[in-house]
Amino acid sequence: MRRRRERDLEDELRFHLDRAAHETGSHRAAEAVFGGLETIKEDCRAERRTRFAGAWSDLRLGARLLRRAPGFTLAVVLLLALAIGANTAVFSSLDATLHLPLPFHDPGRIVAVVSADTHGRPQAYNPLWSGQFADIRAATPSLAVFAGWSYSDANLSAAHMAVHVQVLHVTRDFFDVWGVAPAVGRTFQRGDGDREIILSGALWRNRLNSARLLGQNVQLNGESYTVIGIMPPEFASNNGLFGPDVWVPLKLTPEQLGAYDRATAATLQAAGRLRPGAMLAQVQAEIAAVQRRDAAAHPSYRTGRAAAITLRQELDLGENASVLMWLQAVAGLLLLMGCLSIAGLLLERGLARAPEMRTRLALGAPRRRLIRQLLTETLLLGLLAFGTGIGMSCPLLRLMNAMLAQGFPVRAGMNMRLLAFGAGTALVTVLLAGLAPAWQVSLARPGGLMARRLRGALIASEIVLATVCLIATATLIAAIHKEAHEPLGFAPNGLVAASVTLAGPAYADPARRAAFLSGLLAAAARLPGVEQTALVSPPALTWDQPAVQAQDRASGTGTQAPPLKVLAITSGYFQAMDIPRLAGRSFASTDATRALPVAIVSRTAAQRLFPGGANPIGRYLRILRPGEPPGWRQVVGEVADMSFYVGEQLSARGNVYEPLAQALPPSGIGLLLRGPGNANNQSALRAAVAQLDPSLPLFNYRPLADDIAASFGGDRQLGDLLFGMDLLVLFSAALGLYGIVGYAAARRRRELAIRVALGETRAGAVRQLAQASLGLAGAGLSFGLGLAWLDSFVLANIFENLPTRSPAVFCAPVALLLAVVLAATILPALRATRLPPAAVLKEL
Amino acid sequence: MAALELPQGTLELLILRTLAGGPRHGWDITERIQQVSSDALRVKQGSLYPALHRMERRGLLKAHWGPSESNRRAKYYELTRRGRSQLEAGTSGWTQLTVAVGKVLEGA
């Protein structure tokens with residue numbers, strides 16, 4: 001096509017030439033008249049070219065130049081692709097979290113009403129007092145429905161199967177809030193009986209084998225309920241709001257409906273649906289009015305604060321969105337560093353091309369044209385990087401998914417939002433990175449003082465960014481590392497835990513309870529490979545936190561201690577958990593129901609209850625719970641502290657133990673088994689429990705080490721992700737510096753060769769080259785250190801429990817960065833000075 | 001008579017007018033302008049061809065290849081509809097301009 005156009009042009013002009021020669025009789029004269037065939041050809045080509053064709057030729061020229069400098073191209077594309085890939089991967093995770101599809105009708109109209117902290121900040125999933133719920137329901141006309149719910153667990157017997165289920169006790173209008181109809185049957189209606197139950201689709205299908213249950217009676221904790229409906233499986237999807245197996249009507253006493261205090265009130269989570277045309281702000285105003293009225297009416301007790309937010313806001317608050325935001329910030333920083341590196345590389349490269357640019361400017365090329373060509377080249381780089389980055393984001397996503405199996409909800413996969421984000425990122429990056437060099441190069445005297453200053457600023461700001469980023473992430477990683485190595489105070493390995501729920505009329509009889517529990521312990525002890533057994537309530541690694549008072553020795557009155565975790569245990573507990581006894585004795589079978597009430601305290605609990613370092617043995621304490629007998633318990637032993645999860649703060653520790661036989665009969669009982677090779681006992685244990693009571697399912701059988709791993713999982717993943725980001729940041733800094741210094745060295749080869757030829761030592765030449773960059777890097781490092789110091793205060797505000805500014809956290813990243821800076825400056829300088837001067841001088 | 005300098009922008013108008021009678025090739029256009037202006041106007045060949053290519057790109061002219069009088073392959077240009085309306089607009093503009101300029105030159 002192009003060749004034909006050229007031939008046509010040649011023919012046309014040649015025809016004219018021949019005719020002219022014919023007329024004037026002389027070929028030479030015609031040449032003179034015509035005045036340079038090639039010039040006319042070029043003018044004709046220029047006239048034919050459209051604006052688009054100009055861009056196309058720029059693009060071709062750019063591609064040719066990039067092909068001729070594969071090292072440069074590879075460095076830039078890799079840098080950018082890494083930054084784009086990391087950003088897109090994190091963004092996709094954030095996107096998945098924030099755009100989680102909600103299986104409800106018009107979810108935007110659903111309003112969650114939660115309690116707020118003392119600053120009025122809404123706390124996701126935090127329940128309201130029942131009195132608060134009733135007052136708000138009576139005074140929010142903007143809500144068409146306002147429903148409340150609370151959780152419990154229970155044993156369900158249906159179709160000759162016994163399963164343990166999570167129960168949601170709901171007000172009758174509960175399902176109207178979500179606007180989801182049952183798959184079969186109906187939901188609760190006003191005025192119906194209390195003994196109705198709705199099953200979740202997942203429970204019915206997976207654990208009740210899709211038995212024919214609609215309209216049938218099932219037993220919930222030994223009481224009979226009629227199945228009136230089965231919900232579609234996606235409704236109870238575990239999105240933080242639900243995850244229950246069954247729904248039953250909520251029963252509240254009139255006292256509870258008026259109560260705002262811990263002693264009598266129930267706690268309820270609540271949500272409503274906006275009336276058509278109503279806005280969230282109206283609901284917020286109505287709730288504020290309720291609170292003002294309540295505060296005036298009941299000045300004696302503290303009314304809880306409540307806040308109305310959209311359902312989406314509640315989910316975002318509850319999810320790990322903030323952690324992802326943090327990662328996104330680091331990824332953004334990485335992108336910024338990539339920008340700076342590339343700007344530096346482009347600038348250096350532009351300087352190397354300064355003679356070409358000067359020639360073109362001198363020949364009359366408009367500056368606009370030169371800038372356009374340089375930007376086209378950068379854009380081409382951006383396009384390459386975008387392709388590579390998107391390609392890389394998929395494996396990066398997979399990597400993140402693998403690491404985040406139980407952390408954030410990450411739904412991998414490409415979508416338009418993601419592609420647009422990646423493309424936008426790439427475009428912004430290349431424009432940012434390419435504009436300054438392009439502008440600089442097109443100046444009348446490219447490569448002057450301005451360019452040197454620009455380059456200096458680029459190197460220094462890159463080091464500043466890297467320093468701040470590395471120190472900030474090192475602080476977090478150090479915190480996570482410290483958490484991981486904090487002793488737990490017990491030995492989870494070799495421990496297996498399981499749970500049963502003793503509820504319903506059958507277990508109201510203390511003799512029956514005691515018989516079952518001793519039968520359970522005996523059966524567990526008979527299992528092969530089991531050496532120690534114990535019971536604990538609440539079940540393993542959960543806790544109850546009632547008020548505990550220590551008796552003042554002189555006055556005999558009680559002093560309230562800070563919150564302590566209270567566990568009811570059998571005598572084998574400390575042995576099974578491997579918790580060392582520090583003083584006094586352990587519980588024994590003689591600490592029976594009617595014997596002297598006793599307690600054991602952990603070291604921290606002893607210090608909290610009886611400050612001053614006194615011996616706690618023989619002192620008295622009491623546990624304040626509704627229904628608890630008012631007497632004092634004598635402390636008979638002291639044991640070491642234990643953590644219930646990884647990273648539990650010292651301030652959160654402190655346990656009080658009571659004998660299970662002397663505790664208020666709890667419903668949730670945990671069984672602990674320690675011994676070699678007891679991992680395969682699940683079915684034997686199930687069978688043993690079924691023999692004791694066929695309607696009582698054993699559940700949650702698992703190695704206790706799993707719980708510990710799960711409690712640490714999110715943090716470890718965050719640590720790993722941050723570490724990965726750090727590597728990228730270091731790599732980006734190294735590549736950027738190496739590129740800038742390397743290019744500068746290559747440009748000064750001739751000067752260096754002359755110096756060396758005139759007797760300069762190689763070390764001197766290297767120093768010459770590296771000096772300026774190292775000076776800039778040093779300035780960047782010190783400034784970055786200062787910023788990181790300030791930043792650490794900001795971080796301490798955002799993340800609780802960060803270790804104080806330790807020297808290691810500051811020194812290690814700086815040392816690493818320094819090593820990278822040294823390598824990236826000295827290596828290219830060494831390479832540039834290694835060539836024999838004669839060869840270099842000849843070559844130029 | 002010596003050749004006059006063509007004022008800026010008039011070359012396109014001359015080309016349009018010359019082609020109003022029918023298709024011509026480049027050499028023919030030069031000859032025709034020279035002849036009609038009684039040798040007063042000589043189009044510099046270095047400006048003619050770039051102008052022709054520009055006008056073709058802008059859609060004022062269209063071109064086709066055909067045999068010349070000497071039976072060689074030649075590129076013939078002719079007016080498009082857009083070229084024709086451009087000629088009308090250009091001609092009336094030129095006339096008004098020359099009349100006005102003439103009045104000023106005589107009256108002053």
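Biologist: What makes the meeting of chain A and chain B a contact, and how many residues does each chain bring?

Modeller: This is a predicted model, and residues count as touching when heavy atoms lie within 4.5 Å. By that rule, 21 residues from chain A and 23 residues from chain B take part. Among those of chain A, E12(A), F15(A) and E47(A) supply 34% of the area that chain A buries against chain B, more than any other three residues.

Biologist: How much area do the two chains bury between them, and on which atoms?

Modeller: About 2000 Å² is buried between chain A and chain B, with 55% of it on carbon and sulfur atoms.

Biologist: Why is the pair R73(B) and D8(A) called a salt bridge?

Modeller: The rule asks for a side-chain nitrogen of Lys or Arg within 4 Å of a carboxyl oxygen of Asp or Glu. The side chains of R73(B) and D8(A) meet at 3.0 Å, N to O, so the pair passes that cut-off of 4 Å. The count between chain A and chain B is four salt bridges.

Biologist: And how many residue pairs are in polar contact across the interface?

Modeller: Six residue pairs, both partners at pLDDT 80 or more, are found between chain A and chain B. On the chain A side, the elements that give two or more residues are α1 (2–24), α2 (27–34) and α3 (37–48). Of these, α1(A) gives the most, with twelve residues.

Biologist: What classes of residue make up that side of chain A?

Modeller: The side of chain A that touches chain B has eleven charged, eight nonpolar and two polar residues. Glu counts as charged and Phe as nonpolar.

Biologist: Let us turn to chain B. Which helices and strands does it have, and in what pattern?

Modeller: Chain B has four helices and three strands, and along the sequence they follow the pattern α-β-α-α-β-β-α. Buried residues make up 38% of its 108 residues. Chain B exposes about 6400 Å², and carbon and sulfur atoms supply 53% of that. Among contacts in chain B between residues at least 6 apart in sequence, 49% join residues at least 24 apart.

Biologist: Back in chain A, why is I708(A) called buried?

Modeller: Buried means under 20% relative accessible area. I708(A) has 10%, so I708(A) falls under the cut-off of 20%. The residue is found in helix α21 (residues 704–747) of chain A. Beyond residues up to four places away in sequence, I708(A) touches L488(A), F490(A), P492(A), L541(A) and V646(A). For L541(A), the separation from I708(A) is 167 residues in sequence and 8.9 Å in space, C-alpha to C-alpha.

Biologist: How do you know that E638(A), a charged residue by class, is buried?

Modeller: The relative accessible area of E638(A) is 7%, and buried means under 20%, so E638(A) qualifies. E638(A) lies in strand β20 (residues 633–639) of chain A. Leaving aside neighbours within four places in sequence, its contacts include R581(A), R603(A), I600(A) and P616(A).

Biologist: What makes Q549(A) count as buried?

Modeller: Q549(A) has 13% relative accessibility, which is under 20%, so the label is buried. Q549(A) is found in strand β14 (residues 547–551) of chain A. Not counting residues up to four places away in sequence, Q549(A) touches residues including Y620(A), R622(A) and W632(A).

Biologist: What is the form of the peptide bond from S537(A) to P538(A), and where is P538(A)?

Modeller: That bond is cis, with omega near -5°. P538(A) sits in the loop between β13 (532–537) and β14 of chain A.

Biologist: N209(A) and N221(A) both have a positive phi. Why is each of them called buried or exposed?

Modeller: Phi of N209(A) is near 50°, and N221(A) has a phi of about 50° although it is not a glycine. N209(A) lies in the loop between α8 (201–207) and β7 (217–220) of chain A. Its relative accessibility is 54%, and exposed means over 50%, so N209(A) is exposed. N221(A) lies in the loop between β7 and β8 (223–230) of chain A. At 16% relative accessibility, N221(A) is under 20% and therefore counts as buried.

Terms used
Residues numbered from 1 in each chain as written. Chains lettered and ligands numbered in written order. Predicted model: local features only at pLDDT ≥ 70, side-chain atom pairs only at ≥ 80, totals over all residues. Heavy atoms only, no water. Buried area = accessible area lost by both parts, 1.4 Å probe. Polar contact = N/O pair within 3.5 Å; in protein donor to acceptor, adjacent residues only side chain to side chain. Buried < 20%, exposed > 50% of the residue type's maximum accessible area, 1.4 Å probe, protein only. Areas by Shrake-Rupley, 256 points an atom, 1.4 Å probe, with all protein chains shown as cover.
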